[in-house]
Every structure is written in structure tokens, then in C-alpha cells.
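Grab a pencil and have a go at these exercises. Try each task yourself before you read its solution.

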Amino acid sequence: MPIEFHRREGIFRLETPGTTYLMGLAEDGSLGHVYYGPSVPDNNMGYLMRTGERPLGPWESPRERASFDDVFPFEYPAFGGGDFREPCLRVRDAQGAESCALRYEGHVIRPGKPPLPGLPAAYGGAGECDTLELTLQDPVLKLRVTLSYTVFRDTDAICRSARIENAGGGPVTLTAALSASLELDNEDFDVLTLPGSWARERTIDRRRLSHGPQGAHSLRGISSHQFSPSIILAQHTATQERGLVYGGTLVYSGNFLTQAELDQFERVRVVLGIHPQGFGWRLEPGESFQTPEAVLVCSEEGLGGMSRVFHDFMRRHLIRGQGKHRPSLVNSWESFYFDFNTEKLLDLGRAAAECGIELLVVDDGWFGARDDDNSSLGDWRENTGKLPGGLRRLGEELGAMGVALGIWVEPEMVSKDSDLYRAHPDYAMTIPGREPALARNQLVLDLTRREVRECVYSQISALLRSAPIKYVKWDMNRPLTDVYTPSLPPERQGETAHRYMLGVYELQERLVTDFPDVLLENCSSGGARFDAGMLYYSPQIWTSDNTEAADRLRIQEGAALIFPLSSMGAHVAACPSHINGRVTPFETRGRVSLTGAFGYELDITKLTPAERALIPVQLEEYKKYGPVFREGDYYRLASWAGNGVYDALMSVTKDKSLAVVVFVQVLSRTNCRSLRLRLQGLEGPALYRDTATGEVRSGFGWMRGGLLLGPFTGDFVSKLTVLERVETEK
Ligand code: DGJ
């Protein structure tokens with residue numbers, strides 16, 4: 001059974017195909033974390049909670065609550081007793097005091113996984129997964145906390161969340177309500193996070209775990225360019241292929257904290273959840289609060305093993321629309337920015353049709369009076385000066401060429417210079433008496449309010465019904481500031497940022513439900529909301545506004561640590577790069593994009609004949625090998641972010657019959673021999689043929705001997721290698 005309670009030992013056992021997660025009950029009913037790691041069959045593991053150990057401090061007695069709390073590995077730590085590490089739960093009672101002590105009340109084990117109301121969350125039916133709901137309670141506050149754990153039969157990921165219910169007679173306020181925590185002994189861990197900035201998202205940061213809190217966070221109202229809502233602990237010696245690694249990521253897109261803390265006893269507490277700063281959620285009697293979900297993965301097969309578990313989990317149990325057709329596309333943004341009209345778009349469409357590109361995205365600038373970024377957000381009606389006949393005519397004309405229409409929208413925003421703002425200035429999120437902070441000349445709509453959501457949704461849905469639109473890019477181009485809503489009383493303002501996210505989720509849920517044939521791609525100034533929460537609604541996300549191939553290799557490598565390649569919008573852009581001036585070959589730009597959701601982000605009518613001739617070749621490669629990257633197993637072979645010279649990744653189909661390797665020599669190496677690249681993920685004894693050279697070698701041969709590449713001269717040279725499994729050497 002994947003989930004069991006062993007009454008005699010007081011142990012809860014969660015079993016995934018390759019890992020075991022154990023919790024135990026202490027004498028006083030406190031729920032402790034016992035073990036999480038590679039599978040162990042034993043149930044008598046409660047000793048790992050160390051409750052019987054004699055403390056050494058003169059003031060410590062294991063019988064006294066403060067001493068006990070200071071060391072006990074709480075499964076869901078609460079603030080106010082003697083546990084001074086980062087808590088998951090803080091509760092302020094009606095007197096203003098903050099203290100909470102949770103004790104076991106009961107549990108149920110059920111097949112399948114119930115949805116989390118209003119929140120993105122993993123899914124799975126009976127037979128695919130099982131869920132443990134473990135209820136703890138504080139007898140003084142009459143607060144009930146239900147911890148949910150889902151284990152899946154086909155993946156080593158574990159989903160966790162908490163629901164907090166006020167079963168008492170008076171109001172309480174949650175000043176922290178995180179999703180999950182984990183208690184580990186420090187096994188010589190490094191902490192990995194994915195920091196960055198606009199156009200420089202998700203740089204892999206790996207450093208030694210040291211005392212005190214370390215991790216990632218966002219207080220921007222979005223998961224942000226600056227960090228991903230994820231955290232990884234990897235043994236210092238862990239590589240892509242080997243070593244113990246723990247990973248956690250949140251199915252959430254707003255303010256977050258993912259933190260590891262090495263404590264005084266060399267133990268590590270990891271917490272993941274909504275950032276407590278600025279958060280406050282009032283619960284009247286009978287009300288409850290549901291935290292977002294956290295996904296935990298443990299792998300002994302290094303970072304690569306962890307990534308593959310996250311990828312499979314998200315593709316099978318989180319991303320709805322994973323199997324949707326991912327059309328090749330051309331986007332107007334870096335082609336024309338705001339400077340376009342129907343003629344230009346149709347010229348682009350004609351060129352797209354000739355090359356075989358399936359869809360044209362009309363990005364920012366098609367609506368209101370928007371010729372730059374100063375106006376019109378909120379007025380989701382075509383600018384018929386630019387587009388006579390509107391999107392409908394454009395869509396029909398493109399359709400006649402065999403090219404589908406996609407559009408860009410930014411539904412969460414309003415420009416001061418817009419009809420919407422003139423009619424409803426109060427729809428913008430501002431603090432009364434204070435000039436709101438503009439960013440990109442725009443304000444955020446107060447999506448905590450139903451009427452504001454209705455106003456946006458009615459416009460967007462009417463638009464989608466008015467024209468043959470097959471794809472929507474949902475953008476979000478600024479952080480939240482002036483976080484306040486008149487719809488809540490003062491004591492509830494701490495709910496605003498989370499209620500905003502719930503508003504966004506509700507809108508996207510409506511969109512994907514009402515328009516199931518539309519492909520949704522999320523975006524936030526590139527990758528400022530690249531998280532598992534958004535992936536629940538859109539199978540792909542615009543990875544970064546940085547479309548330059550060498551930088552993209554690094555950004556995509558960082559994202560792929562957690563997120564599947566299929567989720568990354570990746571486009572071939574113009575050279576010199578608009579973002580950093582770098583010049584790279586068209587062929588290499590194609591190969592870097594091939595590994596994600598493929599497209600072009602340049603005016604293809606302006607290409608040289610030689611470049612243009614490459615487009616059908618790239619599209620053919622995307623048709624043949626795109627599915628290998630989207631659905632196969634990903635292996636990171638080399639990282640130019642690490643070695644400074646070359647980059648290599650590969651993907652292998654699940655049946656191991658086809659493998660595709662992308663290699664890029666980012667900087668040329670003077671007077672060097674060929675490079676030897678050991679491949680991964682092949683079936684050892686099977687034979688594989690290099691489709692270009694005809695060489696046949698066993699999987700072991702390619703993995704242990706490897707592939708010789710180069711020597712190449714020149715920067716940014718790339719090579720695509722395809723290996724197919726064959727029966728004989730001929
Ligand atoms: C930011 C996005 O990341 C870009 O791709 C583009 O859509 C612009 N916004 C348009 O304003």
C-alpha cells in the first residue's frame with residue numbers, strides 16, 4: 001500500500017516507487033518528521049525523531065515543553081512554543097497573542113486526490129494516487145490543521161498542502177500559513193536556487209548550506225524574475241548523475257518563501273509556502289484557509305534524476321493541455337514591436353505559410369490606441385486603424401493561407417490613458433491618499449474584486465468569440481505595489497496579495513474551460529511567473545525576453561532543473577540580438593529553440609535567402625524531434641554556465657528508441673582536439689546508430705565511450721546528433 005498507518009509504531013508511511021516518507025507520533029501527540037529518502041522497508045524508524053535523547057544543556061529537560069520544541073522535528077511547525085526555527089504556522093488569537101501547539105487528532109486515507117478549491121494543484125484519480133489527510137488540532141485555539149499528502153504510483157513526487165480551519169468560537173488571524181516543511185540531517189548539503197533578473201532569469205546558484213536561513217523568496221506579488229519558488233538540497237558531491245538530492249517547488253505564482261535553515265544541532269529545516277511577510281488571513285469561526293501545494297522530490301540519481309521526476313510529475317499530473325499540439329509560430333513582438341498593420345502582418349503570414357510555420361501571434365499593440373506602452377491596457381478592442389476589419393478579418397485571411405491566428409493580452413493591467421481607467425479609476429489597485437507606483441506606465445487591476453474580474457473576462461471572452469483565435473499569450477508586466485483593496489476591511493488587508501492570485505487563477509480557469517481549443521501561453525515580462533502554478537493553466541510559458549541563443553542556453557538549463565522542456569517557449573530571434581548585441585548563427589538559434597516550444601521572434605521576410613531556406617529544415621527537425629524533447633527523458637550533459645565553453649543536453653524517448661543530442665560550442669577553443677561527450681539515458685546493451693555518420697555502437701559504448709565532437713572553429717557552433725536504436729550493426 002502506498003500509504004499506511006502503523007499503529008503499534010505510531011508511524012505514517014508514504015511509499016512512492018523509489019522513496020519512503022515517514023512521520024511519527026510523539027508521546028504527547030506531536031507529529032514528527034521521521035525519514036524521507038530512498039526506500040526503506042522498516043517501520044520501527046521512530047528513533048530518528050530522537051525523543052529519548054538526553055539533552056546536554058543545563059536548562060534542558062526532555063520533559064519540558066520548551067526544550068522539547070527546540071529540537072523536535074515537527075512535521076508542520078507552529079510558532080509560539082519553544083521552536084525558534086522558521087515555522088509553517090503562526091496564529092494570532094482574539095487577544096493578540098501568538099501561540100499554537102498542534103497535536104494529532106485523526107487521519108483518513110483515500111484513493112485519488114481531491115482538487116484544491118480555487119488553486120492550481122496536481123491531479124490524479126483512484127488507482128493513480130492516494131491521499132493521506134492527517135488532522136492536528138490546537139485544543140486552546142480550537143484550530144484544526146489538515147495536512148494532505150498525495151503519493152502517485154508512477155512518480156517519486158509527493159504533493160503536500162495544509163488546510164487550516166477555525167473550529168473555535170472567536171476569530172483568529174493566520175500570520176503565516178506555509179505549505180510544507182521538511183526536517184533533514186545535514187548530509188553535507190549544498191543549497192541550489194534559481195536567482196536572476198529580467199532577461200537573466202534562473203541562473204543556477206549552488207552554495208554550501210551554512211547556519212541560518214538561506215533560500216529564495218518573492219514579495220513582488222508574482223513568483224518573479226528574481227527567484228523561482230523552488231529549492232534544492234544536494235549533497236556537496238552530487239552531480240547530474242549521482243548523489244542524494246531533495247527538491248521542492250510550489251504550485252503557486254505569488255509571494256513565496258522557499259528556505260533551508262541549518263540549525264544549532266546541524267539539522268536542516270526546509271519550508272515552502274506563501275511568504276509570511278505582509279500576509280495575514282483572518283478566519284472567522286467555521287472558516288478555513290487552504291495553502292497552495294508544494295511538490296517534493298527525492299532522488300539518489302543526482303540532479304538529473306530529480307529533474308526527470310519533476311518533469312514526469314508535471315507532465316502527467318499537473319499540466320493540463322500537456323498533450324495539446326504545440327504549433328510552430330512566428331511572433332510580431334521582436335519582428336515589429338508596436339509598428340505594424342494588417343499589411344505587415346499579412347506579409348509576415350505569407351512568408352510563414354511559405355516556410356510552413358503554423359501560427360502567427362499578434363503581440364502587444366493591436367488594441368485601443370496602443371502605439372507604445374503608455375496607453376490602452378484594459379481596452380481589449382481592436383485598433384481598426386491598424387487592423388481594418390479587426391482580428392476577425394486578419395484571422396480569416398491568415399486562415400486562407402493556412403496560418404492560424406494567436407493574440408497577446410495583458411488582462412491584469414490598466415493604463416491610466418484608457419477608457420477602462422477613465423470609466424473605473426477605482427478598478428486599479430491603489431492605496432487611498434497615496435500616489436500609486438507606476439511600472440511600465442501601468443497599474444494593476446484589483447482582481448480581488450469580482451466586478452473587476454467580470455469586466456476583464458467579458459472583454460477577453462467576447463474577443464475570443466469574435467475571431468478565429470487559436471492561441472493566447474497572457475502577459476503580466478509589472479510587480480504588485482500599493483497592495484490594498486477597498487473590498488476588504490482593514491484587518492483583512494493581509495489577504496489582498498493572495499486573493500489577487502486567486503483572482504488570476506479564477507480568470508485563467510474560466511478561459512481554459514470556456515475555450516478548450518485555444519492554446520494558452522503564460523508570460524510575465526518573459527519569465528517572471530515561470531512556476532508550476534501557471535503551468536496548471538498553460539502548458540507553456542514564455543521563458544525569457546532574452547531570446548539570444550547563448551544566454552538562452554543558460555536560462556533554459558536553469559528552468560529545466562525543475563520544469564519540463566515542453567513548458568519553455570523558445571524562439572529564434574534576430575541578430576545582432578536585440579537584447580545583448582550578440583551574433584550567433586541562425587542554425588544554432590534554431591537548435592537552442594528546438595528543445596522547447598518552438599517559434600520565431602523576428603521578421604522572417606527580412607532574412608537572407610540562405611537563412612530563410614533553413615526555416616523548413618528547422619521546422620522538419622521540430623516535427624521529428626520536438627516530441628522527443630517534450631515527452632522524453634532529459635539529460636544535462638554539459639553546462640557552459642559551468643565550464644565556460646560548451647553546452648550539451650539530450651533527450652531520450654521513454655521507450656529508449658530515439659535520442660537527440662544538442663551540442664553548442666559557445667566559445668571556440670584554440671588548438672584543441674575533439675571533445676568527448678559521454679551520453680546518458682540509453683539502453684546499455686541495445687545498439688544505436690548515429691543517423692548522420694551511420695556509426696553503430698551499443699548504448700554502453702555511447703554512454704561510456706561517448707561521442708567525439710569537433711574540433712570546431714568559431715563561436716556558437718552547434719551540432720545536432722540523432723541516435724536511433726537498431727537491431728543489428730548494419
Ligand atoms: C513582455 C513579453 O515578455 C514580450 O514577449 C512582449 O509580449 C511584451 N511584453 C509586449 O509588451
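## Exercise 1: Two domains side by side

The centres of domain 1 and domain 2, taken over C-alpha atoms, lie 38 Å apart. Keep in mind that this is a predicted model.

**Task.** Work out how many residues each of these two domains puts into the contact.

**Solution.**
- Step 1: find the domains along the chain. The assignment gives domain 1 as 3-317, domain 2 as 329-415 + 456-478 + 519-629, and domain 3 as 637-726.
- Step 2: look at who touches whom. Domain 1 brings 33 residues to the contact and domain 2 brings 34 residues.

## Exercise 2: What the interface is made of

**Task.** Describe the area buried between domain 1 and domain 2, then say how many salt bridges and polar contacts cross the interface.

**Solution.**
- Step 1: start with the area. About 2,500 Å² is buried between domain 1 and domain 2, and carbon and sulfur atoms give 63% of that.
- Step 2: hunt for salt bridges. The rule finds zero of them across this interface.
- Step 3: try polar contacts instead. Here the rule finds 14 residue pairs across the interface, both partners at pLDDT 80 or more.
- Step 4: see which elements take part on the domain 1 side. Strand S14 (230-235), strand S15 (245-251) and helix H2 (302-317) each supply at least two residues to the side that touches domain 2. H2 gives the most, with seven residues.
- Step 5: sort that side of domain 1 by residue type. You get 19 nonpolar, ten polar and four charged residues.

## Exercise 3: Around the ligand

**Task.** Which residues come nearest to the ligand, and what distances go with Asp363, Asp475 and Gly526?

**Solution.**
- Step 1: pick out the nearest ones. There are 13 residues around the ligand, and Asp363, Asp364, Lys473, Asp475 and Asp545 come nearest.
- Step 2: check the side chains. An N or O atom in the Asp363 side chain sits 2.7 Å from an oxygen atom of the ligand. For Asp475, a side-chain N or O atom is 2.7 Å from a nitrogen atom of the ligand.
- Step 3: don't forget the backbone. A polar backbone atom of Gly526 is 2.8 Å from an oxygen atom of the ligand.

## Exercise 4: A salt bridge up close

**Task.** Where in the chain do Arg208 and Asp188 sit?

**Solution.**
- Step 1: get the total. The structure holds 62 salt bridges.
- Step 2: zoom in on one pair. The side chains of Arg208 and Asp188 form a salt bridge, 2.8 Å from N to O.
- Step 3: place the partners. Arg208 belongs to strand S12 (residues 205-208), while Asp188 is in the loop between strand S10 (172-185) and strand S11 (189-193). The two are 20 residues apart, linking distant parts of the chain.

Conventions. Residues numbered from 1 in each chain as written. Predicted model: local features only at pLDDT ≥ 70, side-chain atom pairs only at ≥ 80, totals over all residues. Heavy atoms only, no water. Domains from an automatic or database assignment. Contact = heavy atoms within 4.5 Å. Buried area = accessible area lost by both parts, 1.4 Å probe. Salt bridge = Lys/Arg side-chain N within 4 Å of Asp/Glu carboxyl O. Polar contact = N/O pair within 3.5 Å; in protein donor to acceptor, adjacent residues only side chain to side chain. Helix = DSSP H or I, 4+ residues; strand = E, 2+ residues; numbered from the N terminus. Nonpolar A, V, L, I, M, F, W, Y, C, P; charged D, E, K, R; others polar. Near = heavy atom within 4 Å.
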